Amino acid sequence: MAWRSSGTSNSELVENLWRNEMITHPEVKSAFLKVDRAHYAPRSPYEDCPQPIGHHATISAPHMHASAVEHLLQFIMPGEERPAPRVLDIGSGSGYLTHVLAELVGERGRVVGVEHIEPLKELGERNMKKSREGRELIEGGRVRFRVGDGRKGWRDEEEQGRKSWDAIHVGAAAVKVHEELLEQLASPGRMFIPVDDEDDPQGWGQHIWCVDKDEKGEVKKRKLFGVRYVPLTDAPKA
Ligand code: SAH
């Protein structure tokens, strides 16, 4: 599979992701061009591979970020039926994807990044503030980073838990599709989530699942491809 898309600059990396068809929508390409990975990956930011960011967490590889955004795109972009998309990014880690998502939701959209390790929540916030655009997105309230257990989703205090999420991205491997996440998914809405395999212990160990909830609330799950993510776990004891 021609997914290695490393480059020597952010734009070269994005061009390679485009050429290898990991990014196929111009809107996604333009969002990726706006966010410099150098602000988020501590070393070799334009290499197409995951990298450690401390606390046993990794910033995912660019082609995985691309795949997540490509799959969620129709639920992230503002439109007539969804003028102010609400997006949840669970396991926000470096903050990279949270920022890319914020570039796509439009002026009225909202993105909440949830992290269970406080220093990583702060890392995401700090990384985003390295650019003027990132600072403005945080100061303007389009993006919020919060500390919490992502397996429970996030009930937004400002909206008193009433509103659901149009798109949920989970950046760590879950043991199952947690019921609370499904409950918080809008109708229609989509979740992109790595889940541990129940069978095939010799295989990848995890697969990405695309979970759709339709207008009537009916849920359909599709198993997409094998991956290796860090686990969605209890927070480590301080
Ligand atoms: N999207 C991030 C991925 C970071 S790795 C990036 O590309 O930078 C996965 C993250 O999930 C880690 O930062 C880890 O701390 C976090 N995590 C693991 N279990 C969690 C849980 N129960 N709730 C919230 N975050 C969790």
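**Exercise 1. Leu120 and its contacts**

Task: In this predicted model, find which residues Leu120 is in contact with, leaving aside its neighbours within four places in sequence.

Solution.
Step 1. Locate the residue. Leu120 sits in helix 5, which spans residues 118-128.
Step 2. List the partners beyond four places in sequence. Leu120 is in contact with Ile53, Gly54, His55, Ala57, Gly93 and Glu115.
Step 3. Check the burial. The relative accessible area of Leu120 is 2%. Buried means under 20%, so Leu120 is buried.
Step 4. Compare sequence and space. Leu120 and Ser60 are 60 residues apart in sequence. Their C-alpha atoms are 14 Å apart in space.

**Exercise 2. The shell around the ligand**

Task: State which residues come nearest to the ligand, then describe the shell by class.

Solution.
Step 1. Start with the nearest residues. There are 23 residues around the ligand, and His65, Ser94, Glu115, Gly150 and Thr233 come nearest. Glu115 has also appeared among the contacts of Leu120.
Step 2. Sort the shell by class. Eight residues are nonpolar, twelve are polar and three are charged.
Step 3. Ask which element gives the largest share. Strand 2, residues 57-59, supplies three residues of the shell.

**Exercise 3. Polar atoms at the ligand**

Task: For His65, Ser94 and Gly91, decide whether side chain or backbone faces a ligand atom, and give the distance.

Solution.
Step 1. Take His65. A polar atom of its side chain is 2.8 Å from an oxygen atom of the ligand.
Step 2. Take Ser94. An N or O atom in its side chain lies 2.7 Å from a ligand oxygen atom.
Step 3. Take Gly91. Here a backbone N or O atom is 3.3 Å from a nitrogen atom of the ligand.
Step 4. Add the cover. On its own, the ligand has 580 Å² of accessible area, and the protein covers 98% of that.

**Exercise 4. Gln206**

Task: Is Gln206 buried or exposed? Which backbone nitrogen lies 2.6 Å from a polar atom of its side chain?

Solution.
Step 1. Place the residue. Gln206 belongs to strand 8, residues 206-213.
Step 2. Read the accessibility. Gln206 has a relative accessible area of 10%, so it is buried.
Step 3. Find the polar partner. The backbone nitrogen belongs to Tyr229.
Step 4. Widen the view. Beyond four places in sequence, Gln206 touches Ala173, Val195, Asp196, Asp197, Phe225, Gly226, Val227, Arg228 and Tyr229. Tyr229 thus links the two steps: its backbone nitrogen is the one found in step 3.

**Exercise 5. Glu47**

Task: Describe where Glu47 is found and what it touches.

Solution.
Step 1. Find the loop. Glu47 lies between helix 2 (26-34) and strand 1 (51-54).
Step 2. Classify the exposure. Its relative accessibility is 36%, so Glu47 counts as partly exposed.
Step 3. Name the contacts. Setting aside residues up to four places away in sequence, Glu47 touches Ser6 and Pro62.
Step 4. Follow the chain for ten residues. This leads to Ala57, with 17 Å between the two C-alpha atoms.

**Exercise 6. Backbone details**

Task: Describe the backbone at Glu21, His56 and Pro188.

Solution.
Step 1. Glu21 is not a glycine, yet its phi is positive, about 60°. Glu21 lies in the loop between helix 1 (10-19) and helix 2. At 61% relative accessibility, this residue is exposed.
Step 2. His56 is not a glycine either, and has a positive phi of about 60°. Its loop runs between strand 1 and strand 2. At 78% relative accessibility, His56 counts as exposed.
Step 3. Turn to the peptide bond between Ser187 and Pro188. This bond is cis, with omega about 0°. Pro188 is part of strand 7, residues 185-196.

**Exercise 7. The whole chain**

Task: Why does the radius of gyration of the protein chain agree with a compact globule?

Solution.
Step 1. Count the elements. The protein chain has seven helices and nine strands.
Step 2. Apply the globule rule. For 238 residues, a compact globule would have a radius of gyration near 18 Å. The protein chain has 16 Å, so the value agrees.
Step 3. Give the box. Along the principal axes, the C-alpha atoms fill roughly 45 × 45 × 40 Å.
Step 4. Look at burial and surface. Of the 238 residues, 53% count as buried. The chain exposes about 11,500 Å², and carbon and sulfur atoms supply 48% of this.
Step 5. Check the contacts. Among those between residues at least 6 apart in sequence, 57% join residues at least 24 apart.

Note on methods: Residues are numbered from 1 along each chain as its sequence is written. This is a predicted model: local features need pLDDT of at least 70, side-chain atom pairs count only at pLDDT 80 or more; totals for chains, interfaces and linings use all residues. Side-chain values use heavy atoms; hydrogens and water are left out. A residue is near a molecule or strand if one of its heavy atoms lies within 4 Å of it. A polar contact is a pair of N or O atoms within 3.5 Å; within protein, one must be able to donate a hydrogen and the other to accept it, and residues adjacent in sequence count only if both atoms are side-chain atoms. Accessible areas come from the Shrake-Rupley method with a 1.4 Å probe; for residues, only the protein chains shown count as cover. Helices (H or I, at least four residues) and strands (E, at least two) are DSSP runs, numbered from the N terminus. Ala, Val, Leu, Ile, Met, Phe, Trp, Tyr, Cys and Pro count as nonpolar, Asp, Glu, Lys and Arg as charged, and the others, Gly among them, as polar. Buried means under 20% relative accessible area, exposed over 50%, partly exposed in between (1.4 Å probe, protein chains only). Contact means heavy atoms within 4.5 Å. The radius of gyration is taken over C-alpha atoms; the globule rule is 2.2 Å times the number of residues to the power 0.38.
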